[in-house]
Amino acid sequence: FFFLMIRRPPRSTPLYSSAASDVYKRQEIMRLEGQELIVQEKLHLEDSKKEIKGKYQTKFEALKKEVRILKEETSEKLSELLLEISKLKLCCQKEIQQANNALSQMNYWFKMEKERTQNFKLETQRLQQEIAYLKESHTLELARLQSQLKYLFTIYYLERKISQVQMNLLWARRGKESCDLVRS
C-alpha cells in the first residue's frame with residue numbers, strides 16, 4: 001500500500017483557484033487509481049491462491065489415492081503372508097506328530113530289543129550251565145552245544161543288524177514324507 005499526500009491550496013487564497021481544483025482532481029484520480037491497483041492486486045492474489053490451492057489439492061488427492069492403493073496392496077500381501085504362516089504351522093504340527101509317532105515306535109522297539117537281549121542272556125547262561133554239565137559227561141555233545149552257541153550269537157548279531165537297518169529305513173521314509181509335505 002502506498003499513501004498519497006493530499007496537497008491543499010495556500011491559505012492566502014480566499015477562493016479555490018482552478019489550479020488548486022486541478023490538483024485536487026489529480027490527487028483524487030491518483031487515489032482512485034491506487035485503490036484500483038490494490039483491488040486488482042488482491043484479485044490477482046486470490047486467483048493465484050486458488051490456482052496454487054487447486055494444484056496442491058490435485059497433488060494431495062493423487063497422494064491420498066496412492067496411499068490408499070499402497071494400503072490395499074499391503075493388506076493383500078499381509079493376508080497372503082498370514083495364510084502362508086498358517087500353512088507352515090499346520091505342516092510343522094504334522095511333522096511334530098509324525099516325529100512323536102516315530103519316537104514312540106522306536107521306544108517300543110528298544111523295549112522289545114531289551115527284552116530279547118535279556119532273554120538271550122538267560123538263554124546263554126542256561127546253555128553255559130548245560131555246557132559245564134555236559135563237559136563232564138560228553139565231549140561230542142560239548143562240541144555240538146558250542147557250535148549251537150556260536151549259531152545263537154550269529155543270529156543275535158544278525159537280528160540286531162536287521163533291526164538297525166529297519167530303523168534307518170523308517171527314518172529315511174519319515175524324512176522323505178516330511179520333505180514331500182513341505183513341498184506341497
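**Notes on a two-helix chain**

1. Let's start with one residue: E95 lies in helix α1. Keep in mind as you look around that this is a predicted model. How exposed is E95? With a relative accessible area of 25%, E95 counts as partly exposed, because that label covers values between 20% and 50%.

2. Now hop along the chain from E95 to G175. These two sit 80 residues apart in sequence, yet their C-alpha atoms are 9.4 Å apart in space. For the chain as a whole, take the contacts between residues at least 6 apart in sequence: 62% of them join residues at least 24 apart.

3. Zooming out, what is the chain built from? You'll find 2 helices and 0 strands. Helix α1 spans residues 18-137, so trace that one on the model before moving on.

4. How much of the chain is buried? Just 12% of the 184 residues count as buried. The accessible surface adds up to about 16,400 Å², and carbon and sulfur atoms own 60% of that.

5. Next, the surface charges. E72, E73, E76 and E80 gather in a patch of negative charge. One of them, E80, lies in helix α1. E80 counts as exposed because its relative accessible area, 55%, is over the 50% cut-off.

6. Finally, have a look at L78, L82 and I85. Together they make a nonpolar surface patch of about 310 Å². L78 from this trio belongs to helix α1, and E80 from the negative patch lies in helix α1 too.

How values were computed: Residues numbered from 1 in each chain as written. Predicted model: local features only at pLDDT ≥ 70, side-chain atom pairs only at ≥ 80, totals over all residues. Heavy atoms only, no water. Patch = residues over 30% accessible without salt bridge, like charges linked within 9 Å, V, L, I, M, F, W, Y side chains within 5 Å. Areas by Shrake-Rupley, 256 points an atom, 1.4 Å probe, with all protein chains shown as cover. Salt bridge = Lys/Arg side-chain N within 4 Å of Asp/Glu carboxyl O. Helix = DSSP H or I, 4+ residues; strand = E, 2+ residues; numbered from the N terminus. Buried < 20%, exposed > 50% of the residue type's maximum accessible area, 1.4 Å probe, protein only. Contact = heavy atoms within 4.5 Å. Lys, Arg positive; Asp, Glu negative; His and termini not counted. Charge placed at Lys NZ, Arg CZ, Asp CG, Glu CD.
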